[in-house]
Amino acid sequence: MRIDIATLFPEVCENYLSASIIGRARAAGAVEINCRNIRDYAGNKHNRVDDKPYGGGTGMVLQPEPVYSCIRDIMYNTGDSPNAELIYMSPQGRTLTQELVKELAAKPWLIILCGHYEGVDCRVLDELGFTEISVGDYVVTGGELPALILCDSVVRLQEGVLPDSSAYTKDSHWAGLLEHPLYTRPEVWRGRTVPETLLSGHHARIEEWRAEESMRVTAAKRPDMKES
């Protein structure tokens with residue numbers, strides 16, 4: 001899989017994407033991730049890419065031409081087919097769920113646009129055919145954090161990133177339930193003990209316990225998931 005991120009702050013994205021599991025996956029060639037600076041396409045000596053919104057209001061809006069030039073350069077001047085999925089991180093978009101993550105993880109190439117300030121001139125979104133995706137019903141300063149959430153969620157599903165598929169197929173939300181409670185050493189901590197079933201070594205009983213606990217936790221913490 002290949003992911004390109006168009007952003008005003010590539011260093012912010014690189015710091016996260018170069019660490020831990022994703023950093024190792026990139027180093028091993030399991031996934032290719034590139035960060036492109038929109039300011040490189042400003043076309044003026046001050047590298048300005050924003051301006052005041054028509055109609056008034058606070059904040060600034062990213063201009064369409066620098067964004068357009070950046071995305072087109074990624075799509076057509078990198079030696080690859082231009083058939084990439086274009087995604088704009090936006091609070092107005094489709095909410096990111098595990099089912100959507102699975103869809104995106106199956107795509108060979110994602111290009112993710114990070115807005116900033118008040119957002120992006122809508123004409124470039126329409127011109128290039130972006131799909132808008134939201135990480136929740138709230139607003140953050142820029143699209144970098146949402147883009148990193150999206151990257152992390154899809155990269156971990158790629159072959160060779162995690163030890164095997166069981167590392168994610170038993171996670172919360174994969175099968176419409178939350179994950180069972182987790183325990184590690186010591187066996188007793190501040191008077192709280194590990195359930196006897198987990199210490200039994202009986203794999204069938206352990207799996208049964210985990211399934212029951214998953215149902216219990218989902219009903220207690222997210223009853224809306226049970227209802228759906």
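This is a short tour of a predicted protein model, from the whole chain down to a single tyrosine.

**Stop 1: the whole protein**

Show everything as a cartoon and turn it around. The C-alpha trace spans about 70 × 40 × 35 Å along its principal axes. Coloring by secondary structure brings up 10 helices and 10 strands. Of the 228 residues, 39% count as buried.

Now switch on the surface. Its accessible area comes to about 13400 Å², and 49% of that belongs to carbon and sulfur atoms. If you color by charge, look for 24 positive and 33 negative charges; the mean positions of the two sets are 4 Å apart.

How much of the contact network joins residues at least 24 apart in sequence? Among contacts between residues at least 6 apart, the share is 73%.

**Stop 2: strands β1 and β2**

Go back to the cartoon and select residues 2–7, which make up β1, together with residues 32–37, which make up β2. These two strands pair in the parallel sense over 6 bridges. To find one bridge, pick Ala6 and then its partner in β2, Arg36.

Next, show the side chains of β2. Which residues sit on its covered face, and which on its uncovered one? Ile33, Cys35 and Asn37 are on the covered face, while Glu32, Asn34 and Arg36 are on the uncovered face. So Arg36, the partner of Ala6, belongs to the uncovered side.

**Stop 3: a sheet of three strands**

As a reminder, strands of a sheet pair through backbone hydrogen bonds, either parallel or antiparallel. Select β3 (50–51) and β7 (119–120), then add β4 (61–62). The 3 strands form an open sheet in the order β3-β4-β7, with mixed pairing. At the edges are β3 and β7, each of which pairs on one side only.

Zoom in on β3 and β4: they run antiparallel and are joined by 2 bridges. Click Asp51 and look across to β4, where its bridge partner is Val61.

**Stop 4: Tyr138**

Finally, select Tyr138, which lies in the loop between β8 (131–134) and α6 (144–155). Is this residue buried, partly exposed or exposed? Tyr138 counts as partly exposed because its relative accessibility is 44%, and that class lies between 20% and 50%.

Show its side chain and find Val135: the backbone oxygen of Val135 lies 3.5 Å from a polar atom of the Tyr138 side chain. Then add Gln92. Although Tyr138 and Gln92 are 46 residues apart in sequence, their C-alpha atoms are 9.6 Å apart in space.

Methods:
Residues numbered from 1 in each chain as written. Predicted model: local features only at pLDDT ≥ 70, side-chain atom pairs only at ≥ 80, totals over all residues. Heavy atoms only, no water. Helix = DSSP H or I, 4+ residues; strand = E, 2+ residues; numbered from the N terminus. Buried < 20%, exposed > 50% of the residue type's maximum accessible area, 1.4 Å probe, protein only. Polar contact = N/O pair within 3.5 Å; in protein donor to acceptor, adjacent residues only side chain to side chain. Pairing = 2+ DSSP bridges. Contact = heavy atoms within 4.5 Å. Areas by Shrake-Rupley, 256 points an atom, 1.4 Å probe, with all protein chains shown as cover. Lys, Arg positive; Asp, Glu negative; His and termini not counted. Charge placed at Lys NZ, Arg CZ, Asp CG, Glu CD.
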